[in-house]
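This report introduces one protein to a reader who has not met it before. Please look over the sequence and the structure shown here before reading on.

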Amino acid sequence: MANEIGIDQSGASRMVIDQSGASRMVKDAVAAGYLEIKPSASDTRRREVTVTSEGLDLLHDAHLWQEAVFDQPSGQWTDQQRAEFHHAMLHLLARSHTLDTDGHARPDAP
């Protein structure tokens, strides 16, 4: 299973970062050993970024940390309360993709 990430100009803008900032972030992650860059097998003008085993370990540890932090305030919630919160967060995330950085509806939003 490949763990590939593509960062293009549109992806960088969704992250609210310019192309050069995204490139620096990738370069720093490569230097830290979390990502690997290889030439694309299908297009020699492109490069593919792959998550290394160290990157996967970091991501796993980050998820464990997030769960622990979430469990602190929500540890006494019922299963129903957790499900309702989960549903509300999914709704919030879906809605956030329809807004621009100023909180206004994007003209291209569904």
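How far apart should the end C-alpha atoms of α2 be, at 1.5 Å a residue? The structure is a predicted model. The 13 residues of α2 should span 18 Å, and the end C-alpha atoms of the helix are indeed 18 Å apart, so the expected span and the model agree.

Four residues of α2 are buried: Gly21, Ala22, Val26 and Ala29. These residues lie on the same side of α2, because they cover an arc of only 140 degrees around the axis. An α-helix has 3.6 residues a turn, so residues three or four places apart point the same way. On the face of α2 turned away from the buried side are the exposed residues Arg24, Lys27, Asp28 and Ala31. Just after α2, glycine 33 has a positive phi of about 90 degrees.

The largest nonpolar core consists of Val26, Ala29, Leu35, Val49 and Val51, five residues in total. Two or more of the core residues come from each of α2 (19-31) and β3 (47-51).

The protein as a whole contains four helices and three strands. Along the sequence, these follow the pattern β-α-α-β-β-α-α. Some overall values are set out below.

| Property of the protein | Value |
|---|---|
| Buried share of the 110 residues | 15% |
| Share of contacts with a separation of 6 or more that join residues 24 or more positions apart | 17% |
| Exposed area | about 9,100 Å² |
| Share of the exposed area supplied by carbon and sulfur atoms | 56% |

Definitions and conventions. Residues numbered from 1 in each chain as written. Predicted model: local features only at pLDDT ≥ 70, side-chain atom pairs only at ≥ 80, totals over all residues. Heavy atoms only, no water. Core = buried A, V, L, I, M, F, W, Y, C linked by side-chain atoms within 4.5 Å. Buried < 20%, exposed > 50% of the residue type's maximum accessible area, 1.4 Å probe, protein only. Expected span 1.5 Å × (residues − 1). Arc of directions from axis to C-beta. Contact = heavy atoms within 4.5 Å. Areas by Shrake-Rupley, 256 points an atom, 1.4 Å probe, with all protein chains shown as cover.
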